[in-house]
Amino acid sequence: MIKSILTFLISFLPFCLHAHADSVYAWNKWCARKDTLLLFNGGNNTIQIYCQGLKPTDITLKSLDRSLRIGNLELNGDTVAVLAMPYPTKDKLMRLAIVNNKTKKTIKTLCFVSDSLPAPVAQLGSITRPESYKKNIITQTKLIAVFPGSLYSYPYKITQYSFHIKSPKPTTRIQVSGFFLPTTVLKDINEAPEGSIAEFTDIKATCPECATRSLANLQLKIK
């Protein structure tokens, strides 16, 4: 997904001015790559603009297309920020004009693209595969929420989960509040025989201004 998005952006740039051209810098605060003009359908998007040589009060932002809706302009240090909501349709542009308040002239016109948003899933630290060596598993300290195959980086946080070892001699289920792996969980993992499954269930996650949501169970085979 990420590769196809970047390929599209590269091919699309000749038809629209790039965010980093000249002295204008633009990015989506919640995109993991700050050199892309990418918005997420149904996600949280905050476009941030910095214009070298101009004060934030010297510029305003104007959407040129109905497929891009923006909120009220906010000042944040030397940048301006605005909430953005993409409503993409086939062959429709999502253009944003940066306008000089004094001259009323357009400084730059930026073209955004959008991407669908996958459901978040739980991940144990840096482990991305369905199995891992025990020595690697016990070095992980927390359960995190990620968006697989996406550049979306809004800060979702695990608030609770249930843990147990699936093996011929299964362990007692442990209820955990928060996202850290307590010593009881690490102990069960360390004592589990090779081939056992570390299972995380009843996972709940939330984010700023978001309702709590349930994530799919996570299973990790211990090698």
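**Strands and a disulfide, term by term**

Q: Which residue in E3 stands opposite Asn28?
A: Asn28 faces Ile47 in E3. Keep in mind that this is a predicted model, where local features need pLDDT of at least 70 and side-chain atom pairs count only at pLDDT 80 or more, while totals for chains, interfaces and linings use all residues. Residues are numbered from 1 along each chain as its sequence is written, and side-chain values use heavy atoms, with hydrogens and water left out.

Q: What makes E1 and strand E3 a pair?
A: Two strands pair if DSSP finds at least two bridges between them. E1 and E3 (residues 46–51) have five, in the antiparallel sense, so they pair. Strands themselves are DSSP runs of E, at least two residues, numbered from the N terminus.

Q: Why is strand E1 called mostly covered?
A: Because four of the five residues in E1 (residues 24–28) are buried, meaning under 20% relative accessible area (exposed is over 50%, partly exposed in between; 1.4 Å probe, protein chains only).

Q: How do you know that a disulfide joins Cys207 to Cys210?
A: The rule asks for a pair of cysteine sulfur atoms within 2.5 Å. Cys207 and Cys210 sit at S to S 1.8 Å, so the pair qualifies. The count comes to one disulfide, and this link is left-handed, with -60 degrees about the S-S bond.

Q: Why does Cys207 count as buried?
A: Its relative accessibility is 7%, under the 20% limit, so Cys207 is buried. Cys210, at 23%, lies between 20% and 50%, so Cys210 is partly exposed.

Q: What makes Cys51 buried?
A: Cys51 has 4% relative accessible area, which is under 20%, so the label fits.
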